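Here are some questions that a newcomer might put to this structure, each answered by setting a value against its definition.

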Amino acid sequence: MAVAEKPLYYLSIHEAQQLIKDRKLSPVELTQAVLDRIAAVDGKLHAYINLMADSAMQEARTAEMEIAKGNWRGPMHGIPIAVKDQLDVAGAPARIRQFTEGVGDATAVRKLRDAGAVMLGKLHMSSLPDADLPAPRNPWNTEHITGGSSTGSGAAVAGGLCLGSLGEDTAGSIRNPSAFCGLAGLKGTYGRVSRHGLAPLSWSLDHCGPIARVVEDLAHMLNAIAGHDPQDPTSSNVPVVDYTTALRENVKGMAVGVPRAYIDECAPRTDAIVLKRVDEAIDQLRSLGARVEDVKVPTLHLATIANAVIYYNEFWAAHKSAAGEVLKTGAPQRRARIYLGLLTGSADYIQAQRIRSRCRSELAEVFQRVDCLALPNQAGPAPRMKDVGPIDTLFKHVVPEYHGPFNLTGLPTLSVPCGFSENNLPIALQIVGKPFDELTVLRAGYTYQQHMRWYEHRPEI
Amino acid sequence: MNKLIEENLLAVLKREGLEPKPGDLEQFSEIIDLYMENLKQLHSVNLGAEELAPVFRPEWTGK
């Protein structure tokens, strides 16, 4: 569908920023259109847990005035966005924290504000202590889940309830809802985006990153939020580049590695339609000029359980002082993580770190020969809500799967839609790059996206 | 849940001054058993004596 025929709430950030820059679209008009959309459909999708409509409209009016005076701050200026509850927002501390203090605005939130974005509010996530809050529904079929734990981000972006969102990913929580909801999602390299103001799950695995409708929007959001933060000692000094320079359709000569043995290891737990769509996507990359080769990462089959061991131990350590309260009032997933962390010995934790070190070495060797990896991003299309139990995600986290290995190794990883299942639910390809080489994963994803144009499909809600 | 694992979990909970929420051990028994089974896999690979976990470095790289 052409841009002119699109409702304003379904504009991409890339489209909207150009219209705002050219003063053909007002941030006030855009924000109002999104708020109207929220009023119309969030009763079905349940994405928002704290809608900040009044302050959002005030921010939109300020953006409009600044732009009218010639002070356009950049592509995020006047763009309505929303964030996963896990990120602190001044005046709306993270509900998920329960027993830890918030910091005002998380650094990534502050950076988006500095870039002129309009903050619409906080979005639902898995494991909130408020058990009475209805879980978000997948806009492609409201009988199905959005994927977690950035559940509200998936529903909101796919449903036109914001133009982009910040999520958090410890074991797939950006990539999973992106895949289930037909969106683009980026878990940048560990340290690329500050974790300051992010309610911790696992200090060495938590990644903050953008979820949006197209790859261009991820580049714009990453430009706004990337960079070193003195308040996060794990944030990196590696120079930030302009990620929009990746937005060119060219994978000619790009070497794409396919970890075939690992995919085969996961295949018994992966729907055939996912393997088919991902193979088709890899064939498309080949037809666009990429050189595709199978690669071996011998220890990758242990990466998921190593990720889980580190996750649950760091979760236990982060919540030790409040563990009694978590066990009394926390959500089932959080209680289970405490038990699993308690059951893990120090030798297990150290062994998990050694596996992490070995996987990094093996991947470093593989990346001598290839520019990126391509593999599935999910075991199947989004399941029905009635078929999913409160701790089902944990079963995924302890057997070989597609997400945890890249939290463990901290590599930049993109989720990009690669088609639909027989019952019209989205499926995604995962593209993994070298440390701090977000440019290559964005370029590969953008080239594929522009060729296939899956983003032109939109859900009917 | 495997009896030994359950006894171990109850012992460490007690050591930490914690009590499981009623019903949790039954509700989580399957994931706990699966996790503990897969934990053994972690030690199935011979990493050799020199494969280190993250290394301590004494230099001051702080803020």
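Q: How many helices and strands does chain B have, and what makes a stretch count as one?
A: Chain B has three helices and zero strands, where helices (H or I, at least four residues) and strands (E, at least two) are DSSP runs numbered from the N terminus. Along the sequence the pattern reads α-α-α. This is a predicted model, in which local features need pLDDT of at least 70 and side-chain atom pairs count only at pLDDT 80 or more, while totals for chains, interfaces and linings use all residues. Residues are numbered from 1 along each chain as its sequence is written, and chains are lettered from A and ligands numbered from 1 in the order in which they are written.

Q: What radius of gyration does chain B have, set against a compact globule of 63 residues?
A: Chain B has 18 Å, whereas such a globule would have a value near 11 Å; the radius is taken over C-alpha atoms, and the globule rule is 2.2 Å times the number of residues to the power 0.38. The C-alpha atoms of chain B fill a box of roughly 50 × 35 × 20 Å along the principal axes.

Q: Why is α2(A) called roughly antiparallel to α3(A)?
A: Helix α2 (residues 27–45) and helix α3 (residues 53–68) of chain A pack at an angle of about 160°, with their axes 8 Å apart. Angles over 145 degrees count as roughly antiparallel, under 35 as roughly parallel, 65 to 115 as roughly perpendicular and the rest as oblique, so α2(A) is roughly antiparallel to α3(A).

Conventions
Axes fitted to C-alpha atoms, helices over the stretch in contact; angles between N-to-C directions.
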